[in-house]
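Below are some notes on the model, set out as numbered points. They begin with local backbone features and then turn to helix packing and domains.

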Amino acid sequence: MTEIKVAVLGASGWMGKVHTMAYQTFPHFFGCEGGTARVTALVEANKDAAKDLAFRAPGAKILQDWNAAIADPETDLIDICLPDSLHYEVAKAALLAGKHVYCEKPLADTAVEAQELANIAREKGVITRVGHAFPRNPVHDLAKEIITSGEIGEIQLFKACQHIDMYGDPLAPFMWRADGQLAPTGIVGDTGSHVFSFMEFLVGKVSSLIADNFIVTPKRPVVHGLAYGEQTVLTGTEEWRDVTNPDGTNILCRFENGARGIVDFSRVATGRKFVQTYEVYGTKGSLRYTYDEVNRLRFYTNDDRTGRRGFREIDVGPENETFRKFLPLPNFALGYNESKIIEIAEVIRSIVANRPMWPNFETGHHICQIVDACMDSSRLRQWVDIN
Ligand SMILES: NC(=O)c1ccc[n+]([C@@H]2O[C@H](COP(=O)([O-])OP(=O)(O)OC[C@H]3O[C@@H](n4cnc5c(N)ncnc54)[C@H](O)[C@@H]3O)[C@@H](O)[C@H]2O)c1
């Protein structure tokens, strides 16, 4: 049994907590044969937030500087849960130090940076992973299996969306996600990259697109200490900061295999707490998915006889090997945190077996190319090709 020693960077944040939990949890479901993990360092810049870290991963070093984790010869894997703008710099330093790297999405701020990271990883022969965990919900294995088997024929159209109302309230406080310095591509890299990961996983590479990025609320108050969804009460003395990256985007695209796409996403969809859907229309049938029914796929086939045609609901269940690791019955719901546990089990297995798994930094680069194309297309107000 090989133990992988991990440093989690940005340990007190949302993803830092989820990843730390998942390293400790995955062997309960996946066993130890594919390797185990030990969190040996937690890196967090915010001293106050860092106070309770020692209890989360007993024995781990608590550090404030990510350079120290990378320099530590004990560390095998650098897990980057830092704000987007730090991903490139930190991932590059970790790769050059010969570490395996698991980086939250988006991999980098630009496709050029992402390409450089993918190249260094290849040269160094290390394992990489980008945190696109949503497609790892086993229900999407079923969707891919149906598509790959040809049951819905040639894909003609892929429609997808992802919407949240994190910024639906114009008084919701300013945070790094709205800062074009810390998150240069805004919602496009943040939420769009999730939708793009489904496009890569289910349909294939995007060859061209036209995008319309928009900002709905140009200024937001700076209010510290509020969590997602908490109501802002203004004192009248707040600083107001400019929102300098997109709140939302509408896209038309074409895929290399001839399919077309219609995709939209935003963080300002008032009242929509979290919407994630896709529809795949083929020449022989179609698929529909909504996160509201997180393990359910709707499947339509022209093979059904006239008068009996309609979408059937399929709940992915224990016939799927990954689902079975968690639950013996369908429709008990595998949720977000389980997708992250699946992802982290794959990261560890990938390192121990020295076998790349989807989505690695090559995939992250393709997704950054789509993000770049959205930013270029919206600025230029025209279709953009992706090479
Ligand atoms: N895969 C997903 O579903 C998913 C979901 C949410 C966020 N994310 C991604 O994960 C990353 C983190 O997002 P989050 O929501 O956890 O953010 P967050 O703000 O909750 O956490 C970021 C943490 O990093 C710390 N930090 C900032 N700069 C640092 C530095 N220089 N050194 C050490 N610590 C530092 C902050 O103090 C904070 O605790 C982002 O890239 C985001 O896009 C992915």
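1. Pro106 is placed in the loop between strand E5 (100-103) and helix H5 (111-124). The model is a predicted one, and in it the peptide bond joining Lys105 and Pro106 is cis, with an omega of about -10 degrees.

2. A cis peptide bond also joins Trp358 and Pro359, where omega is about -5 degrees. Pro359 belongs to the loop between H9 and H10, and H10 itself covers residues 361-380.

3. A further backbone point concerns Ala333, which has a positive phi of about 75 degrees although it is not a glycine. Ala333 is found in the loop between helix H8 (321-326) and H9.

4. On the domain layout, the chain is divided into domain 1, residues 3-132, and domain 2, which is made of residues 138-333 + 357-385. The C-alpha centres of domain 1 and domain 2 are 24 Å apart, and the contact between them involves 27 residues of domain 1 and 28 residues of domain 2.

5. The UniProt record, as an unreviewed entry, places the feature "domain: Gfo/Idh/MocA-like oxidoreductase N-terminal" at residues 4-132. In the model this span is 40% helix and 22% strand, and its end C-alpha atoms lie 21 Å apart.

6. A second annotation from UniProt, also in an unreviewed entry, is "domain: GFO/IDH/MocA-like oxidoreductase", and it covers residues 142-288. Here the span is 16% helix and 35% strand, with its end C-alpha atoms lying 12 Å apart.

7. How do helix H1 (residues 14-30) and helix H9 (residues 336-353) pack? Their axes are 8 Å apart and the angle is about 70 degrees, which makes H1 roughly perpendicular to H9, since angles of 65 to 115 degrees are counted in that class. On the H1 side the contact includes Trp14, Met15, Val18, Phe26, Phe29 and Phe30, among others, and on the H9 side the residues met include Tyr336, Ile341, Ile342, Ile344, Ile348 and Arg349. By class, this contact of H1 with H9 has 15 nonpolar, three polar and two charged residues.

8. For helix H6 (residues 138-148) and helix H7 (residues 187-202), the packing angle is about 40 degrees and the axes are 10 Å apart, which makes H6 oblique to H7. His140, Asp141, Ala143, Lys144 and Ile147 of H6 meet Phe198, Phe201 and Leu202 of H7, and the contact of H6 with H7 is composed, by class, of five nonpolar, one polar and two charged residues.

9. H7 also packs with helix H10 (residues 361-380), where the two axes come within 9 Å and cross at roughly 125 degrees. H7 and H10 are therefore oblique to each other, and their crossing is right-handed. From H7 the contact is made by Val188, Gly189, Ser193, Phe196, Ser197 and Glu200, and from H10 by Thr363, His366, Ile367, Ile370, Val371, Cys374 and Met375. By class, the contact of H7 with H10 has seven nonpolar, five polar and one charged residues.

10. Taking the points on H7 together, Phe198, Phe201 and Leu202 of this helix meet residues of H6, whereas Val188, Gly189, Ser193, Phe196, Ser197 and Glu200 take part in the contact with H10. A reader who inspects H7 in the model may wish to view both contacts, at the angle of about 40 degrees for H6 and of roughly 125 degrees for H10.

Note on methods. Residues numbered from 1 in each chain as written. Predicted model: local features only at pLDDT ≥ 70, side-chain atom pairs only at ≥ 80, totals over all residues. Heavy atoms only, no water. Axes fitted to C-alpha atoms, helices over the stretch in contact; angles between N-to-C directions. Helix = DSSP H or I, 4+ residues; strand = E, 2+ residues; numbered from the N terminus. Parallel < 35°, antiparallel > 145°, perpendicular 65-115°, else oblique. Contact = heavy atoms within 4.5 Å. Nonpolar A, V, L, I, M, F, W, Y, C, P; charged D, E, K, R; others polar. UniProt positions renumbered as here; feature names shortened; annotations may be inferred. Left-handed = near helix turned anticlockwise from the far one by under 90°. Domains from an automatic or database assignment.
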